[in-house]
Amino acid sequence: KHIDFEGCTLIAPTVSAGNLGQLTVDLLVSTLSLVRVGYLEDDNVLPCIGNDPYNAERRSRAFAKNLSKWISASKFKDVIVLAGVEAGLGFQLRYVCSSSDGKLERCEALGWKLLEDEAFVHGFGQLGKDESRSPPWPLFQAIAAGENSPQALALMGFVNEGDNIPDALQLATVLANYLNLE
């Protein structure tokens with residue numbers, strides 16, 4: 001069965017610090033009683049533990065590129081990429097937008113702070129080698145650079161490893177406010 005995603009918003013978690021993106025999506029799925037409409041299958045996502053760490057970066061970028069192509073072909077209106085970033089202090093939220101079509105104003109009106117990383121804020125191609133490998137950059141960059149790609153917004157919670165359910169609840173609440181979900 002074909003599902004039409006045109007005009008919809010895709011919420012994409014990334015594997016990152018504290019599993020924040022995945023935990024947040026789990027909370028949204030269970031709270032909103034969402035149902036699975038499909039799944040993604042890609043040669044770059046291996047169903048195993050102990051994947052080849054020397055090949056993981058190449059597969060991560062290839063998967064991000066393939067996912068970006070699918071997102072464009074599916075005509076999503078928006079993409080929101082969720083990620084956790086290592087932090088020394090408590091939960092803090094930062095965002096980055098791929099363009100300024102009103103999202104910046106909306107984010108600022110909600111009291112969110114723009115990511116301070118000057119290298120990233122001033123251009124996707126200026127990230128250092130280490131920064132460009134860590135979530136959510138491979139997926140976010142692939143979407144932002146893709147032809148006919150939708151607008152992308154990355155929401156990042158600075159978290160510590162451990163019990164991150166409270167952090168995921170905060171990020172889910174922030175996201176629900178942004179999307180006007182009830």
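**Burial, cores and chain turns in a predicted model**

At 11% relative accessibility, aspartate 78 counts as buried. The model in which this residue was examined is a predicted one. Aspartate 78 forms a salt bridge with lysine 77, and the closest N and O atoms of the pair are 3.6 Å apart. Lysine 77, in contrast to its partner, is partly exposed, its relative accessible area being 48%. Side chains of opposite charge can pair when their charged atoms come close. The structure holds 1 salt bridge.

The chain contains 7 helices and 5 strands. Read from the N terminus, its elements follow the order β-α-α-β-β-α-β-α-α-α-β-α. The chain has 182 residues, of which 39% count as buried. When contacts between residues at least 6 apart in sequence are considered, 75% of them join residues at least 24 apart. The exposed area of the chain is about 10700 Å², with carbon and sulfur atoms supplying 54% of it.

Two separate nonpolar cores are described here. The largest nonpolar core comprises 22 residues, and the residues with the most contacts inside it are Ile71, Val81, Leu139, Phe140, Ile143 and Met156. Two or more residues are given to this core by each of β1, α2, β2, α6 (137–145) and β5. Of these elements, α6 gives the most, with 5 residues. The second core has 20 residues, including Leu20, Cys97, Val159 and Tyr178.

Helix α7 has 15 residues and spans 21 Å from its first C-alpha to its last, close to the 21 Å expected at 1.5 Å a residue. The buried residues in α7 are Asp167, Ala168, Leu171, Ala172, Val174, Leu175, Ala176 and Tyr178. Tyr178 is also one of the residues of the second core. The cover over the buried residues of α7 includes strands β1 (9–13), β2 (78–86), β3 (92–97) and β5 (151–159), together with helices α1 and α3 (103–109).

Asparagine 180 follows α7 and has a positive phi, near 55 degrees. This residue is not a glycine, and its place is in the segment after α7 (165–179). With a relative accessible area of 60%, asparagine 180 is exposed, whereas Tyr178 in α7 is buried.

A positive phi also occurs at serine 33, where the angle is about 50 degrees although the residue is not a glycine. Serine 33 is placed in the loop between α1 (20–31) and α2 (53–73). At a relative accessible area of 57%, serine 33 is exposed. Leucine 34 is found in the loop between α1 and α2. Its relative accessibility is 47%, so leucine 34 counts as partly exposed. Leucine 34 contributes to a nonpolar surface patch of about 300 Å², which is made by Val29, Leu32, Leu34 and Leu181.

Two further serines are buried. Serine 16 lies in the loop between β1 and α1. Because its relative accessible area is 13%, under the 20% limit for burial, serine 16 is classed as buried. Serine 16 and alanine 83 are separated by 67 residues in sequence, yet their C-alpha atoms are 5.7 Å apart in space.

Serine 72 belongs to helix α2, one of the elements that give two or more residues to the largest nonpolar core. The relative accessibility of serine 72 is 13%, and the residue therefore counts as buried. When residues up to four places away in sequence are not counted, serine 72 touches Glu147, Asn148, Ser149 and Pro150.

Note on methods
Residues are numbered from 1 along each chain as its sequence is written. This is a predicted model: local features need pLDDT of at least 70, side-chain atom pairs count only at pLDDT 80 or more; totals for chains, interfaces and linings use all residues. Side-chain values use heavy atoms; hydrogens and water are left out. Helices (H or I, at least four residues) and strands (E, at least two) are DSSP runs, numbered from the N terminus. Buried means under 20% relative accessible area, exposed over 50%, partly exposed in between (1.4 Å probe, protein chains only). The expected span of a helix is 1.5 Å times one less than its number of residues. Contact means heavy atoms within 4.5 Å. Accessible areas come from the Shrake-Rupley method with a 1.4 Å probe; for residues, only the protein chains shown count as cover. Patches are made of residues with over 30% relative accessible area and no salt bridge: like charges are joined within 9 Å, nonpolar side chains (Val, Leu, Ile, Met, Phe, Trp, Tyr) within 5 Å. A salt bridge is a side-chain nitrogen of Lys or Arg within 4 Å of a carboxyl oxygen of Asp or Glu. A nonpolar core is a set of buried Ala, Val, Leu, Ile, Met, Phe, Trp, Tyr and Cys residues joined through side-chain atoms within 4.5 Å.
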